[in-house]
Amino acid sequence: ANSLQIMEIKQYLPTIIIILLYIPLVFMGANVFFTKDFTYSAYKDCYYQERPIPEKLAENQTEIQKCQQEQLQIQQEFEKEKRHYEGWKYLFIVIFNLIIIIAAILIKNNEPVILGLFLGSVLTTFIATIRYLETRSKLGFLVLLLIFILTVYFLTKDYKLWNNKENIKKK
């Protein structure tokens, strides 16, 4: 019984290996092609300036409010640029996953590779969607919708890959 369990594990090992390599491959690829670093460092302290605080409190409050408004505007522009850039990064990831899912649909007679590519693509798409959700990428959404449709097609087309009863009868 123990050797049967080892054979069952060995059967799924190629699939697991592909999944474990595929996910970091896609994210590393995205970081290689999209290298811009978005670390917000334009912060200016509006409360503790280099010069002493003037005696006139109202004038000081006006300067602080003006400084805060300027900082808010700078931060909003930074966040907008970051969302736009990360939207393209997300689009790159989901388009790559779309291509791999299409390849998984077209590959024949290599179940571990098909499952590894398909599951790796689905997991990577899920992780990327959670990670880049705030980008609100319209093109990314359309590609995600296409991935969803192809996933449903894949799951219904290759039902034998998912139906354990059919696999058990073969043995």
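Visitor: How many Å² does the accessible surface of the protein come to, and what percentage belongs to carbon and sulfur atoms?

Guide: Accessible areas here come from the Shrake-Rupley method with a 1.4 Å probe, and for residues only the protein chains shown count as cover. For this protein the accessible surface comes to about 12,300 Å², with 66% of that belonging to carbon and sulfur atoms. Before we go on, please note that this is a predicted model, in which local features need pLDDT of at least 70 and side-chain atom pairs count only at pLDDT 80 or more, while totals for chains, interfaces and linings use all residues. Residues are numbered from 1 along each chain as its sequence is written, and side-chain values use heavy atoms, with hydrogens and water left out.

Visitor: Which element has the lowest mean pLDDT, and which the highest?

Guide: pLDDT is the predictor's confidence in each residue, from 0 to 100. The mean for the protein is 83, and 81% of its residues reach 70 or more. Helix 3 (residues 111–131) has the highest mean among the elements, 92, whereas helix 6 (residues 164–170) has the lowest, 48. Over residues 166–171 the pLDDT stays under 50, and the model has five contacts (heavy atoms within 4.5 Å) for them beyond four places in sequence.

Visitor: How many helices and strands does the protein have?

Guide: Helices (H or I, at least four residues) and strands (E, at least two) are DSSP runs, numbered from the N terminus. This protein has six helices and zero strands, so to speak an α-α-α-α-α-α pattern when read along the sequence. Among contacts between residues at least 6 apart in sequence, 81% join residues at least 24 apart. One pair to look up in the viewer is P24, found in helix 1, and T124: their C-alpha atoms are separated by 8.5 Å, although the two residues are 100 apart along the chain.

Visitor: Is T151 buried or exposed?

Guide: Buried means under 20% relative accessible area, exposed over 50%, and partly exposed in between (1.4 Å probe, protein chains only). T151, in helix 4, has a relative accessible area of 13% and is therefore buried. Leaving out residues up to four places away in sequence, T151 touches I101, F118 and V122. S137, in the loop between helix 3 and helix 4, is also a buried residue, at 18%. With the same sequence neighbours left out, S137 touches G87 and Y90. Of the 171 residues of the protein, 32% count as buried.

Visitor: Which residues make the nonpolar surface patch?

Guide: Patches are made of residues with over 30% relative accessible area and no salt bridge; like charges are joined within 9 Å, and nonpolar side chains (Val, Leu, Ile, Met, Phe, Trp, Tyr) within 5 Å. Here W88, L139, F141, L142, L145, F148, I149 and V152 make a patch of about 810 Å². Helix 4 (residues 138–157) gives the most to it, with seven residues. F148, found in that helix, counts as exposed because its relative accessibility is 54%.

Visitor: How many aromatic pairs does a search of the whole structure find?

Guide: A pair of aromatic rings is described by the distance of the centres and the angle of the planes. Rings of Phe, Tyr and Trp (its six-membered ring) pair if their centres lie within 6.5 Å; planes under 30 degrees apart count as stacked, over 60 as edge-to-face and the rest as tilted. The search finds eight aromatic pairs. One of them, F33 with F92, is tilted, at 5.7 Å centre to centre and 50 degrees between the planes. F33 lies in helix 1 (residues 2–33) and F92 in helix 2 (residues 57–106), so this pair ties together parts 59 residues apart in sequence. F33 is exposed at 61%, while F92 is partly exposed at 26%. Both belong to one aromatic cluster, formed by F33, F34, F38, F78, Y85 and F92.

Visitor: Which residues are joined into one network by salt bridges that share partners?

Guide: A salt bridge is a side-chain nitrogen of Lys or Arg within 4 Å of a carboxyl oxygen of Asp or Glu. E86 forms one with R131, the closest N and O atoms being 3.4 Å apart. E134 also forms a salt bridge with R131, at 3.7 Å. Shared partners thus join E86, R131 and E134 into one network.
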